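Subject: Structure handover

Hello,

Here is the structure for you to look over. My notes follow below it.

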Amino acid sequence: MAMMNKQQKTEKNNSKRVPTGIVGFDELCGGGLIKNRTYLVSGAAGAGKTIFGLQYIYNGITKFGENGIYIATEERPEQLRENVKKFGWDLEALEEEGKLAIIDACSTKIGIPSHEKYVDVRPFDMRSMMDQIIAIQDTIDAKRAVVDGTTSIGFYLQDPAKIRVELLKLSTTLEILGLTSLMTCEILDESNPSRFGVEVFVTEGTILMYYKRTNSVRVRSIEIFKMRGSDHSKNIHPYDITPTGIVVHPHEEVYTA
Ligand SMILES: Nc1ncnc2c1ncn2[C@@H]1O[C@H](COP(=O)(O)OP(=O)(O)OP(=O)(O)O)[C@@H](O)[C@H]1O
Ligand SMILES: [Mg+2]
């Protein structure tokens, strides 16, 4: 076999895909996310961002043998474990097996005690959060991470220039650690995929989740808004939250006109 030159090697490496394992999603973007990159998952409250993130981590461990780190800034880990039990996902078992680490970055922020194994002791000290991720990575050798979410970090820092630098530090650290990551972003207006105007620029791609009312029903749909270095569907596809989690319908489209 002919030797690959450096550029060919880079291209081969760049095209390595990390499947989310979320039914119907991966075929919208050439088989999955590009390895070692960070993606933004934006949507209004209740759009399904947290479920999407946990399903990505859960599938990573159970279907692809890739360990995961989940940073919870807006919900206590206890609630997360409870909420996804109805999908049949036993997060606690994965934590006990050393395949999943959930960082409680919520309790300290609101001033309540935490009994979690991993607690972010200083609210939004990016250095200490990154140090903790580095330490966890040393033990569990994860391949996937989720930061849920960037909005509370943004509110804490306030200044968009600061938010941009801190989120860039975080996403770059995750990439250097060999993690393919999602960061969630809570938006108010579905025509703008970022809350502080900077989140989409520090990430390699943006996935938008909609929960729109049409007449008397709300319809869930998902769009790949941006994915650097990859071809992807330009359409908006409906999805459901089923008893086994999110199911995307890649051959159906939602018209928003
Ligand atoms: N078992 C289930 N079956 C169907 N729908 C569900 C189920 N569990 C949750 N949901 C729906 O998912 C929504 C919550 O999803 P999720 O927590 O992922 O949203 P989110 O985008 O993270 O919201 P937030 O911005 O408030 O954190 C609920 O409001 C509910 O409509
Ligand atoms: Mg959420």
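Which helix gives the most residues to the shell around ligand 1? Helix H2, spanning residues 49–64, does, with three residues. Bear in mind that this is a predicted model.

**Ligand site**

The shell around ligand 1 holds 13 residues. Gly46, Gly48, Lys49, Thr50 and Arg220 are the closest. By class, the shell has six nonpolar residues, three polar and four charged.

Three side chains are worth a look for their polar atoms:

- Lysine 49 has a side-chain N or O atom 2.8 Å from an oxygen atom of ligand 1.
- Threonine 50 has a side-chain N or O atom 2.7 Å from an oxygen atom of the ligand.
- Arginine 220 places a polar side-chain atom 2.7 Å from an oxygen atom of ligand 1.

On its own, ligand 1 has 650 Å² of accessible area. The protein covers 66% of that.

**Strand S8**

Next, the strand at residues 180–186. Is S8 largely enclosed or open, and why? Six of its seven residues are buried, so the rest of the structure largely encloses S8.

S8 pairs with two strands that I checked:

- Strand S3 (residues 38–43) runs parallel to S8, and the pairing has six bridges. Within it, tyrosine 39 has leucine 182 of S8 as its bridge partner.
- Strand S7 (residues 144–148) also pairs with S8 in the parallel sense, over four bridges. Here valine 147 stands opposite methionine 183 of S8.

When you view these strands, keep one general point in mind. In a regular strand, side chains alternate between the two faces of the sheet.

**Cysteines**

How many disulfides does the structure hold? Zero. Cysteine 106 is in no disulfide, and the nearest cysteine sulfur to its own belongs to cysteine 185, 18 Å away. The cut-off for a disulfide is 2.5 Å between the sulfur atoms, so a pair 18 Å apart does not qualify. Likewise, cysteine 185 is in no disulfide, with the sulfur of cysteine 106 as the nearest.

Are these two cysteines buried or exposed? Cysteine 106 has a relative accessible area of 5%, so it counts as buried. Cysteine 185 is at 0% relative accessibility, and it is buried too. The threshold here is under 20% relative accessible area.

That covers the ligand site, the strand and the cysteines.

Best wishes

Key: Residues are numbered from 1 along each chain as its sequence is written. Chains are lettered from A and ligands numbered from 1 in the order in which they are written. This is a predicted model: local features need pLDDT of at least 70, side-chain atom pairs count only at pLDDT 80 or more; totals for chains, interfaces and linings use all residues. Side-chain values use heavy atoms; hydrogens and water are left out. Buried means under 20% relative accessible area, exposed over 50%, partly exposed in between (1.4 Å probe, protein chains only). A residue is near a molecule or strand if one of its heavy atoms lies within 4 Å of it. A polar contact is a pair of N or O atoms within 3.5 Å; within protein, one must be able to donate a hydrogen and the other to accept it, and residues adjacent in sequence count only if both atoms are side-chain atoms. Accessible areas come from the Shrake-Rupley method with a 1.4 Å probe; for residues, only the protein chains shown count as cover. Ala, Val, Leu, Ile, Met, Phe, Trp, Tyr, Cys and Pro count as nonpolar, Asp, Glu, Lys and Arg as charged, and the others, Gly among them, as polar. Two strands pair if DSSP finds at least two bridges between them.
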